[in-house]
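Student: I should like to go through this structure by asking what justifies each term applied to it. May we begin with the pocket?

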Amino acid sequence: MRFSIQFEQALPYYQGAPAVYVRLIGPAGDREVLALVDSGSQYCLFNGGFAPLIGIQLLEGRPIVLSSLGGQVQGYLHRIGLEIQGFR
């Protein structure tokens with residue numbers, strides 16, 4: 001399925017990079033957060049502090065080491081729902 005989303009507002013978040021409000025949907029809750037748009041990223045990354053708020057046991061995810069220009073960081077992969085302006 002192919003579709004496009006018209007955003008009413010793109011917010012500067014970091015040095016003018018666009019950000020949008022998204023809803024993280026987990027097995028036991030959901031939470032609206034402001035997310036930086038990074039079209040070159042392989043994964044969607046969110047602060048681990050949101051995990052318990054949506055019913056995710058953070059450390060039970062699949063461990064992964066993520067690399068960027070700033071170095072490496074430990075992450076944990078989870079499959080969750082994501083809603084952007086009403087689209088899931």
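Tutor: The model is a predicted one. Its largest pocket is lined by 41 residues, and S41, Y43, C44, L45 and F46 are those nearest the pocket centre. The volume of this pocket is about 1600 Å³.

Student: Which strands supply at least two residues each of the lining of the largest pocket?

Tutor: They are β2, β3, β4, β5 and β6. Of the elements, β5 gives the most to this lining, namely 6 residues.

Student: How do the residues of the lining divide into nonpolar, polar and charged?

Tutor: The lining holds 27 nonpolar, 12 polar and 2 charged residues. In this classification Pro counts as nonpolar and Gly as polar.

Student: What does the secondary structure of the protein chain come to?

Tutor: The chain has 0 helices and 6 strands. Read from the N terminus, the order of elements is β-β-β-β-β-β. A run must have at least two residues in state E to count as a strand.

Student: Why is V33 called buried?

Tutor: The relative accessible area of V33 is 5%. The term buried applies under 20%, so V33 is buried. This residue lies in strand β3.

Student: Which residues is V33 in contact with, leaving aside its neighbours within four places in sequence?

Tutor: V33 is in contact with V20, Y21, V22, L24, F46 and F50. For V33 and V20, the separation is 13 residues in sequence and 8.3 Å in space, C-alpha to C-alpha. A contact is judged on heavy atoms within 4.5 Å, whereas the value of 8.3 Å refers to C-alpha atoms.

Student: What makes up the largest nonpolar core?

Tutor: This core has 8 residues: V20, V22, L24, V33, A35, A51, I54 and I56. The elements giving two or more residues to it are β2 and β3, and β2 gives the most, with 3 residues. Membership requires a buried residue of a listed kind, joined to others through side-chain atoms within 4.5 Å. V33 is a member, and its 5% relative accessible area meets the requirement of being buried. As a general matter, nonpolar side chains tend to be buried together in soluble globular proteins.

Student: Which residues is I56 in contact with, beyond its neighbours within four places in sequence?

Tutor: I56 is in contact with P27, A51, H78 and I80. One of these, A51, is listed with I56 in the largest nonpolar core.

Student: Why does R62 count as exposed?

Tutor: R62 has a relative accessibility of 53%. Exposed means over 50%, so R62 counts as exposed. R62 lies in strand β4, residues 62–68. Not counting residues up to four places away in sequence, R62 touches Y43, G75, Y76 and L77. Between the C-alpha atoms of R62 and G75, which are 13 residues apart along the chain, the separation is 8.2 Å.

Student: Why does Q85 count as partly exposed?

Tutor: The relative accessibility of Q85 is 40%. Partly exposed lies between the cut-offs of 20% and 50%, so Q85 belongs in that class. Q85 lies in the segment after β6, and has a positive phi of about 50° although it is not a glycine.

Student: Why does F87 count as partly exposed?

Tutor: F87 has a relative accessibility of 41%, and the class between 20% and 50% is partly exposed, so the term applies to F87. F87 is also found in the segment after β6. F87 and V22 are 65 residues apart in sequence, with 9.7 Å between their C-alpha atoms.

Student: What percentage of the residues of the protein chain count as buried?

Tutor: Of its 88 residues, 19% count as buried. The accessible surface of the chain comes to about 7100 Å², of which 51% belongs to carbon and sulfur atoms.

Conventions: Residues numbered from 1 in each chain as written. Predicted model: local features only at pLDDT ≥ 70, side-chain atom pairs only at ≥ 80, totals over all residues. Heavy atoms only, no water. Helix = DSSP H or I, 4+ residues; strand = E, 2+ residues; numbered from the N terminus. Buried < 20%, exposed > 50% of the residue type's maximum accessible area, 1.4 Å probe, protein only. Areas by Shrake-Rupley, 256 points an atom, 1.4 Å probe, with all protein chains shown as cover. 1 Å grid on protein atoms, 1.4 Å probe; cavity = no way out; pocket = protein on both sides within 12 Å on 5 of 7 lines; lining within 4 Å. Points joined across faces, edges and corners; volume = space filled by probe spheres on them.
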